[in-house]
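Work through the exercises below with the model open beside you. Each task is followed by a solution in steps.

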2 protein chains.
Amino acid sequence: MKIPVVKDILSANDQVAAENRTVFDAANVFVANVMASPGAGKTSMILATAKHLPPEIRLGVIEGDVASSIDADAIAAHDIPVVQINTGGNCHLDAPMISKALTHLPLTEIQLLFIENVGNLICPAGFALGANIAVVVASVPEGHDKPYKYPGMFASADIVLLNKIDLIDVFEFDVLDFRRGVGLVNPEVPIFPICCRTGEGVDAWTEWLVEHIHAD
Amino acid sequence: MKIPVVKDILSANDQVAAENRTVFDAANVFVANVMASPGAGKTSMILATAKHLPPEIRLGVIEGDVASSIDADAIAAHDIPVVQINTGGNCHLDAPMISKALTHLPLTEIQLLFIENVGNLICPAGFALGANIAVVVASVPEGHDKPYKYPGMFASADIVLLNKIDLIDVFEFDVLDFRRGVGLVNPEVPIFPICCRTGEGVDAWTEWLVEHIHAD
């Protein structure tokens, strides 16, 4: 008797994520899944980055929140195409939510899509959306111990942005200990210190991003 | 034909939570389930409160984290009995985890138990642990829009502590807008502004807590 062996069966979510990726690739859109704690500065990072993008890279945004359209309103105020997803009680975005949101975005007119995930340092890391890169935003007021407490999130990152660095002294934030913690679970990941409020460091991270968009 | 109608069936978690509560009541221990975003200051709040408790109220702590024993180490350094729960990847504590942890605590020697939940503004609100009250810690650097974005968490609170109030000006934090957002989902809940770093407001919140312990 021959026993059937089926390899590489994708989960339902991973299957839709792969379909999303096909859509993104066909439209030549580079996609970043932005994950962070509540209030780390995901929306501020997106708006600060938008200011530094070269004109040939036009931006679109998908906003994920349990409730409200506060973040989408902030993005729309800057004339950036945006779709708000309200998850109800769900603690993360999933690939089918993105698939539905895509029909409301002018994909052929944008080159970069930020997907701002629900504010949560745990669950979003477990759900592929079809993005090219995972951007994890940490922030100084949260403390330097976060990589040790939430290793799965930092392990999933392709790049870590450390935001609100103007408050390093106020919070006695130990940058070396933070970097050590990230390195334990993700030794090669680049870490960019930024401050979205003052703009510090945003140019360097945007340069990194643009290079990756062009290399894709 | 008589159709059997079964009322008030508790979920598996709620059933264990009710059992935990029976254990707490029998030992005369008042229990607070402390919930917040990562880095809002849950551990700092517990340590600041410990300094203000009258001597007849002895404290115990259960620490919940995805990984690490950083918080339990900080509590133990103050000679407070503490148990660390590591959830692995789980984004919240549940009642069976508490039930197991209880066997490691000297319940007859304490009057107050803080259960520090996993840092997450969504999932922990959905899982009863058997506590007497839910304490939600918000913090100024997260922004005043959090009650609008995470209504379930703020709806679940018996008391809201707004931490890091020394930074209200730095973050242009709109206290009225924050209070309005909390009020939309939880009109009667008290909101205490505190700063665990400086100790500001910790006496007033501790007084509220002690009153509730004595009234129980």
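**Exercise 1.** Count the salt bridges between chain A and chain B, and give one pair.

Step 1. Apply the rule: a side-chain nitrogen of Lys or Arg lies within 4 Å of a carboxyl oxygen of Asp or Glu. Step 2. Between chain A and chain B the count is two. Step 3. One pair is Lys149(B) with Asp71(A), at 2.7 Å from N to O. Step 4. On the chain A side, helix 3 (70-76) and helix 5 (146-149) each supply at least two of the residues that touch chain B; helices are DSSP runs of H or I, at least four residues, numbered from the N terminus.

The model is predicted: local features need pLDDT of at least 70, side-chain atom pairs count only at pLDDT 80 or more, and totals for chains, interfaces and linings use all residues. Residues are numbered from 1 along each chain as its sequence is written, chains are lettered from A and ligands numbered from 1 in the order in which they are written, and side-chain values use heavy atoms, with hydrogens and water left out.

**Exercise 2.** Describe the extent of the contact between chain A and chain B.

Step 1. With contact taken as heavy atoms within 4.5 Å, chain A gives 30 residues and chain B gives 30 residues. Step 2. The buried area is about 2300 Å², and carbon and sulfur atoms give 66% of that area; the term means accessible area (1.4 Å probe) that two parts lose on being put together, summed over both. Step 3. Pro38(A), Ile122(A) and Lys149(A) supply 25% of what chain A buries against chain B, more than any other three residues.

**Exercise 3.** How are helix 2 and helix 8 of chain A oriented to each other?

Step 1. Helix 2 (residues 42-52) and helix 8 (residues 202-215) of chain A pack at about 75°, their axes 9 Å apart. Axes are lines fitted to C-alpha atoms over the stretch in contact, and angles run from 0 to 180 degrees between N-to-C directions. Step 2. Angles of 65 to 115 degrees count as roughly perpendicular, so the two helices are roughly perpendicular to each other. Step 3. Residues that meet include Met45(A) and Ala48(A) from helix 2, and Trp205(A) and Leu209(A) from helix 8.

Terms used:
Parallel < 35°, antiparallel > 145°, perpendicular 65-115°, else oblique.
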